[in-house]
Each structure stands twice: as C-alpha cells, then as structure tokens.
Amino acid sequence: MLAVPRPSVRMAPSILSANFAALGADIDRVRDETDLLHVDVMDGHFVPNLTIGPPVVRAIRRHTDAFLDCHLMMTNPGQYLRAFAEAGASHCTVHVEVGSTAELIAEMRSLGLGVGLAVNPETPFDSCEPWLDRIDMLLVMSVHPGFGGQRFIPDVVPKVARAAEIAHRDGLDLAIEVDGGIDAGTVPAMAGAGASIFVAGSAIFGAEDPVAAARAIREAAAAAAVALP
Ligand code: DX5
Ligand code: ZN
C-alpha cells in the first residue's frame, strides 16, 4: 500500500444540529473552530427530511464570510445550483446516486462553485471513482443521510482509504470529507484512512461547550493522521 501523505485537518461544523432560531449566534460561537461551515440541504425526496434552501444560505452569507460547504441531498440539484451560487454558497456537493454527474460537475464549475461528490454508505466506491480527477472533494457518508445524531457506520472506512490511495497515486488535488456520526471517538479511523475534512453536527452543537467539542475532534483527527506512516 502506498504511504499516503497526511493532509491537514479541517473542521466543518454542521448547522443541522444548531439552533435554527438563533443560527447567527451558533455560527459565531464556533467561528474559531470552523474551517468550513457545513450546510445540509434536504429536499424531502432524496432523503425523508426537509431543511433549508437558498434563502437561508443567503442570510448566512450576509452574516459570515465563512466557506459555505453546501451538501445537497436532493434528487434534482441541477435545478437549484444557480440559486445556491447566487445566494453565496462557496461549494456544493451533489450525490452520485442522483446521476447526471458530468452535467452537474460542469454546471458547478461554470457557476464558480467548488465541486463535491457524495457517496452514500450502501453505494459502491466504483460509482464515484471515475469522477475523482474532476472534483475538489469526495464526501464519504458515514450514516444514511437525512438526519443528525445517527450512529457512525465503520464499514465506509475502506472507501476513504481507497480514495486517498487513488488521490496519492494520481497526484489529485482531492479533499476527502466525512459526514455522519463523527466525534472524537469515531474520527481517528477516518483520519487514519486519509480523510481531511470532518463534518460534525450533534457532537459539536449538542455539546455543552461546542468549541471544546470541536477542538477535541480536531485533536483526535490530527493525532490519528500523524500516527500512520
Ligand atoms: C446527515 C447530514 C450530516 C449531519 C451530521 O444527513 O449530512 O451533515 O448534520 O450530523 P451528525 O454529526 O450529528 O451525525
Ligand atoms: Zn451533510
């Protein structure tokens, strides 16, 4: 196996577990531990839950200059990419399961968005492999998308390792983000496998001290990342 260089750790607090009635305050609270702000968009179709859309992204953008990492859990994201870009999204991630991946990547590029591709736990890695040299970020889901606070699925760790290996082998500028059930206990496996961006919702906003919780996850990830060859 190739020795994969350890990328730096980046934290992405997920506002899904924040207080939507005091969103600005919650965003500010974790600002020093936010490398990306993770915004979960759910359409009630691709996943059985509804959250927010471009108007809220616009409001967040007026409030903060954070990098807005929009995770589009939508059957038809292409219909809304322009609206998210105009609202101030920095990056959008679409799911490989919805298809039209080439068109969606082209549309995100033409809108000046960072480009991400997400893969669900039950979806084989092969489905995203052909796109790795065309995207900025692979989002490996470690829960079934739709809700915060679910239990981490360790079976997805090999997907992270495989993506990291390919990125290293082919010299790709590819970040690997992981999302779902991430906390200080589960993050080492993902960081050790080569993930560098860690989404955490309930482990941060559900903690009494969200900043300390985010720091603990960051430190656990950094320790695991350097522990490997
Ligand atoms: C789940 C979302 C996640 C969610 C993670 O479908 O994509 O971003 O906020 O929440 P936790 O960290 O609580 O598992
Ligand atoms: Zn997410």
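1. Let me start with helix α2, which spans residues 54–63 in this predicted model. Its buried residues are Pro54, Val57 and Ile60. Viewed down the axis of α2, the buried residues stay within an arc of 115°, so they line one face of the helix. Pro55 and Arg62, on the other side of α2, are exposed. As for partners, the buried residues of α2 pack against α1 (23–29), β2, β3 and α3 (81–87).

2. Helix α4 (residues 101–110) makes a nice companion case. Here Thr101, Leu104, Ile105 and Met108 are the buried residues. These residues take up an arc of only 100° around the axis, which puts them on the same side of α4. On the other side of this helix, Glu103 and Ser110 are exposed. The packing partners of the buried residues of α4 are α3, β4 (91–95) and β5 (114–119). You may also like to look at what comes after the helix: α4 is followed by glycine 112, which has a positive phi, near 80°.

3. Next, the metal. Which residues are the protein donors of the zinc ion (ligand 2)? They are His38 through NE2, Asp40 through OD, His71 through ND1 and Asp179 through OD, and they lie 2.1 to 2.3 Å from the ion. The site has six donor atoms and is octahedral, with angles among those atoms of 71 to 170°. For reference, ideal angles for six octahedral donors are 90 or 180 degrees. Along the sequence, the donor residues follow the spacing H-x1-D-x30-H-x107-D.

4. Two of these zinc donors deserve a closer look. Aspartate 40 sits in strand β2 (residues 37–42) and histidine 71 in strand β3 (residues 68–73); 31 residues apart, the pair links distant parts of the chain. Are they buried or exposed? Aspartate 40 has 6% relative accessibility, so it counts as buried. Histidine 71 is buried too, with a relative accessible area of 0%. Strands β2 and β3 also appear in point 1, among the elements that the buried residues of α2 pack against.

5. On to the hydrophobic interior. In soluble globular proteins, nonpolar side chains tend to be buried together. The largest nonpolar core in this model has 68 residues, and those touching the most other members are Ile15, Leu72, Cys92, Leu138, Met190 and Phe198. Helix α5 (residues 157–170) contributes the largest share of this core, with seven residues. Apart from it lies another core, of six residues, including Ala12, Ala175, Ile197 and Val199.

6. Phenylalanine 198 is a good residue to click on. Setting aside neighbours within four places in sequence, phenylalanine 198 is in contact with Val9, Arg10, Met11, Ala12, Val178, Ile182, Val187, Met190, Ala191 and Ala221. One of those partners, Met190, is listed with Phe198 among the residues that touch the most other members of the largest core. Another partner, Ala12, belongs to the six-residue core.

7. Finally, the overall picture. The chain contains eight helices and eight strands. Its C-alpha atoms fill a box of roughly 45 × 40 × 30 Å along the principal axes. A compact globule of 229 residues would have a radius of gyration near 17 Å, and the chain's 16 Å agrees with that. Of the 229 residues, 55% count as buried. Among contacts between residues at least 6 apart in sequence, 63% join residues at least 24 apart.

Key. Residues numbered from 1 in each chain as written. Chains lettered and ligands numbered in written order. Predicted model: local features only at pLDDT ≥ 70, side-chain atom pairs only at ≥ 80, totals over all residues. Heavy atoms only, no water. Donors = N, O, S within 2.8 Å, 3.2 Å for Na, K, Ca; no water. Tetrahedral: all angles 85-135°; square planar, octahedral: opposite > 155°, others 65-115°. Helix = DSSP H or I, 4+ residues; strand = E, 2+ residues; numbered from the N terminus. Buried < 20%, exposed > 50% of the residue type's maximum accessible area, 1.4 Å probe, protein only. Arc of directions from axis to C-beta. Contact = heavy atoms within 4.5 Å. Core = buried A, V, L, I, M, F, W, Y, C linked by side-chain atoms within 4.5 Å. Rg over C-alpha atoms; globule rule 2.2 N^0.38 Å.
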